[in-house]
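Please read this report with the sequence and the model side by side. The headings mark the topics.

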Amino acid sequence: MLYFILASLIYAFIAPFVHRAAGKYGIAVQAGVPLVLFVYFATFLPDVQKGEVYTEIYNWVPSLGVQLYFYLDGLALLFTLLISGFGTLVMYYASQYLKDDAGLGRLYMYLTLFMVAMLGLVTAGNLVTVFICWELTSITSYLLIGHTHEKETARQSALQALLVTGLGGMALMAGFVLLGIAGDSYTIPELLTRNDLITHSSLYLPMLILILLGAFTKSAQFPFHFWLPNAMAAPTPVSAYLHSATMVKAGIYLLARLSPALSGPDVWHFTLLVIGTTTALLGAFLALQNSDLKAILAYTTVSALGLLVSLIGLGTDAAIQSMVVFLLAHALYKGGLFMVAGNIDHAAGTREYPLLNGLHKQMRFTGIAAMLAALSMAGVLPFIGFIAKELLYEAKAASSYIILALSFMVSVAYVAVATIMGYRIFWHNRSEPTKLKHQGQVTMAYPPLILGICALVFGLMPGHFVAPILGQAASATLGETIDFELSLWHGFTPVLWLSVLTILAGIFLYSVLQKKREPIAILQKLYANGPNKLYFVLLNGLQRGALHLTATIQNGYLRLYIASIILTQVALLLYTIWYNSPTLQLQQKINLLQDVLFHEWLLILLVLPAIYMLLKTTSRLTAIATLSIIGYTASLLYYLFGAPDIAATQLLIETLTVVIFVLVLHKLPRFQYLTHAHRRIKFVVISVLFGATMTYVLLLVKQFPLISNLKEYYGQNAYLLGKGKNIVNVILIDFRAFDTLGEMTVLAVAAIGIFALLRLRMDKEEKA
Amino acid sequence: MRTIILATAIRLLIPVFQIFSVYILFRGHNHPGGGFIGGLIGSIGFIFYVMTYGTKHTLKNYFRVHLKNDKVADLHSRARHRFHIARVNSRYRQRVEDEWKWEHRIMRIRPVYIIATGLFLAATSGLIGLFSGNPYMTAIWTGLEIPIVGKPGTTLLFDAGVYLLVFGIVLKITFVMAEE
Amino acid sequence: MDIVLPFITGLLFATGLYLILHRHFFKLILGIILFGLATNLFIFTIGRLTRGGSPIIPQGSEVAIEPYADPVPQALLLTAIVIGFGIQAFAIVLVKRVYQAFGTNNLDDLNNTDKTIIPPKE
């Protein structure tokens, strides 16, 4: 499996070149890659359907315990098939939809990358790999939404999606770490068996909140739902792929995957149920308020995701069964409808459905595809959507009638939307048919048509095709094996009558909508101040705050920078000293004064007047001379205390400094007293404070014995291991040669800097 | 700053500085000294020269190699031809009998080249240890025992790299400062 | 000497910082040099002082014989001094360049130079 995924990853990067080289026929390759993956994953079907789990483990970062762990069970396989199958159709669809787009090659690359990331996400058996793939999908989603990067809105939406899902990703990482600590493992199969350990851990609540944040941002749950409709700025193939069928389901996948490990406590069920139901209602409601086809579909997607979350929250056998069926049904019809909307947009140049009428003559195949998908969405009898809705009602009815009523309302809205998509645009002949820019292309109608037919076939023969794999997926979510049978016809149960009622109510809602097309003013105002607004307020605030902060800190006065650095350091040092409160034995120190030899006093007497002169002089030459006196004194000190090498270096460097100063002296500014007297006093205070602190620290340090084996080690081994008798030199060029190499590089960089400064001047002079 | 005594002395002193600095470099392993100090001493001679004669003169005298190239090549074999040119350039620098045959090439030795050579030498000296199967920068010694140097090994190469780098950097700085 | 050197170091630190805090370019360079010197002395003093006894293995011996100074801070200092010189030289060239380019010797005049470098839009 590793090789297949790696090969696709590598292929992603050469996809643009393949596109350029192969031209029109390149699509065979582009769509071939996901097709090969689809077939490859399909070969696992027989084994997995028997309930076996396929694993593949490679050591990746052994020191951190990170493995490249592929874990393929029913749930993962269901997703891989969806991803690769949809990938094939979307690649083909993109090639038709963006035929003349210059960025098509790039789009292929991103789509393939996304697909690989998504496959990695669902097959990963290790939390670390899950997280990496999770972030990769966020990034590729950013790139794909911003495909038409010339447009301001596309860029903004892309950034919004990235920020929202990226922040969620960060929360998710923290949640994973907590989960890893609580469950004492980072591998998913192990975590799945440790439900007790995890749910009774004290970390459970923070971990749950963080993981849910990640999942909810990704799957556009309330209050993070706003990014998904904005993400419709992406080209339609991308919307169909990422934002209906696959990426937004990553959050669902994660919840389903971790459900055996995390479920149990009330907080899990309650949060998922409330958030999911709220999102479902809100999405359905907002969908009816919009007239842009893609926006309608986006909001119904939000709503459907909410339903899925609420089903996971219910957590009963029936709920999970209906979850997996609804997941498949939704992917099939929503992907198809997005493509239909794309076709209409492509041909008519608008997506506002009130402007679209009677398109069936011009776009016959698209119309048929739309009708198939819409019927499945509405939950009409022979389609898989019908089965999904039946199961949904059954599951909800078993828990509470309030929840059932809310689900009923959502379903009614779906029927209304489905009527718009499948009937209103194509077959409703109230006025003149809309004029199209060009006839509908048959090639563009194939992918949604295939999806529609799938929905029909799966609905007619559910037991043959989909039941076994869906059963395994449900078992994986529940964490225990269940009997799972799907059948189209359940008999005349109350649920069937509820379905019929749903359809009737939906059609009634549709006719009401047709008459009353004015949005409600109060609600409009409410949307304008919703989470979307909050997002922009936060973003702008952050930017302004950063600007303000930079302007305050980076004020351009060097001495303020230095003073703040120094004062901070002094404060930290003094705090540490005060906190540990070691006592300075001054009496003992004063006794040490007797040890100071005569010539050492002489040296000190040389330094003091030099410093005085340095501060008082107005001549630059005198300043340099006094500076060098201090330097030479330091050199002598080094020599007296057993460091001939440093003494020699210091001596030479001091000489060089003087020479260089003399060389450039006449080019440097003269002395001037620029600073006011009162400010100087401030400087004196800071300087004396700093100097005194350093003295105090030194005195304190010298009070304690030096604990270091290094001196002894180097003394013992310099000759035996380093074959040299000058220990300092041996350290420099042998024991710590790598450090020296680094320091040499620093020197070389300084020389290059000087060189660059020189070049700068030359360039300027040339210009002048 | 040009006094006759300094001007005359420094011309004689430059070779002394050079030899002394190399001596310090080799001596460094067993006594005070080494690449850092050696490089500084080596460059100080040139700095005084710059102070006396100016940058241009220094560059012309010491950092330019005049090469002679055989225009009329009798290519019996490439190796022989190379050897011929090398011989002319090293031994008969001043007098070549058939002057017309030779064209003059001037190669400038920039301090940056010296810096780069030093860094390169230091970095590659560690490779020898690497190729013999040890970690990078493991020192390797020959069995010889030479009077001042002691046992020569890869560390000596490293120290020579340090020497060249320091030498080049100080020269570079001096030239930059003294120009204009 | 153990008692006197901390005071000398502190004094050098204070002087160096005082010079750096001034607005004048030339004093800035002087301050940087003094500050570097003080830092070197600080490290040297922290590594304990040993009179005489340089860290060189005597003739005829294979290991160092006490008393000898700690070679570790010395190795640190040796490179630090040379690097400090490189930085000084860089600072001097930089100051010279700024002085030539802007004709000012006042650091405070440089706090909005970034804006002036941007060429006006045509």
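What follows covers one chain, two interfaces and two single residues.

## Chain B: fold and surface

The model is predicted. Chain B holds 6 helices and 2 strands. Their order along the sequence is α-α-α-β-α-β-α-α.

Chain B has 180 residues, and 42% of them are buried. Its accessible surface is about 10000 Å². Carbon and sulfur atoms account for 63% of that surface. How do the contacts spread along the sequence? Of the contacts in chain B between residues at least 6 apart in sequence, 67% join residues at least 24 apart.

## Ser21(B): a buried helix residue

Ser21(B) lies in helix H1 of chain B, which spans residues 4-27. Is Ser21(B) buried or exposed? Its relative accessible area is 0%, under the 20% cut-off, so Ser21(B) counts as buried.

Which residues does Ser21(B) contact, beyond its neighbours within four places in sequence? They are Gly38(B), Ile41(B), Gly42(B) and Tyr163(B).

## Interface of chains C and B

Chain C gives 10 residues to this contact, and chain B gives 10 residues. Together the two chains bury about 880 Å². Carbon and sulfur atoms carry 81% of that buried area. Which three residues supply the most on the chain C side? Ile56(C), Val82(C) and Lys96(C) do, with 41% of the area that chain C buries against chain B.

The rule finds 0 salt bridges across the interface of chain C and chain B. Polar contacts between these chains also come to 0 residue pairs, with both residues required to be at pLDDT 80 or more. On the side of chain C that touches chain B, 7 residues are nonpolar, 2 are polar and 1 is charged.

## Interface of chains A and C

Here chain A supplies 100 residues and chain C supplies 89 residues. The size of an interface is often given as the accessible area lost when the parts come together. For chain A and chain C, the buried area is about 8900 Å². Of this, 77% sits on carbon and sulfur atoms. Phe641(A), Lys702(A) and Lys711(A) supply 8% of the area that chain A buries against chain C. No other three residues supply more.

How many salt bridges link chain A and chain C? The count is 0. Polar contacts are present: the rule finds 10 residue pairs across this interface, both residues at pLDDT 80 or more. Helix H31 of chain A, residues 677-703, gives the largest share of the chain A side, with 16 residues. By class, the side of chain A that touches chain C has 66 nonpolar, 18 polar and 16 charged residues.

## Asp2(C): a residue touching two chains

Asp2(C) sits in the segment before helix H1 (4-21) of chain C. Its relative accessibility is 29%. That value falls between the 20% and 50% cut-offs, so Asp2(C) is partly exposed.

What does Asp2(C) touch, not counting residues up to four places away in sequence? Its partners are Leu592(A) and Lys702(A) in chain A, plus Leu49(C) in its own chain. Lys702(A) is also one of the three residues named above for the area that chain A buries against chain C. Asp2(C) and Leu49(C) are 47 residues apart along the chain. Their C-alpha atoms are separated by 7.1 Å.

Technical notes:
Residues numbered from 1 in each chain as written. Chains lettered and ligands numbered in written order. Predicted model: local features only at pLDDT ≥ 70, side-chain atom pairs only at ≥ 80, totals over all residues. Heavy atoms only, no water. Helix = DSSP H or I, 4+ residues; strand = E, 2+ residues; numbered from the N terminus. Buried < 20%, exposed > 50% of the residue type's maximum accessible area, 1.4 Å probe, protein only. Contact = heavy atoms within 4.5 Å. Areas by Shrake-Rupley, 256 points an atom, 1.4 Å probe, with all protein chains shown as cover. Buried area = accessible area lost by both parts, 1.4 Å probe. Salt bridge = Lys/Arg side-chain N within 4 Å of Asp/Glu carboxyl O. Polar contact = N/O pair within 3.5 Å; in protein donor to acceptor, adjacent residues only side chain to side chain. Nonpolar A, V, L, I, M, F, W, Y, C, P; charged D, E, K, R; others polar.
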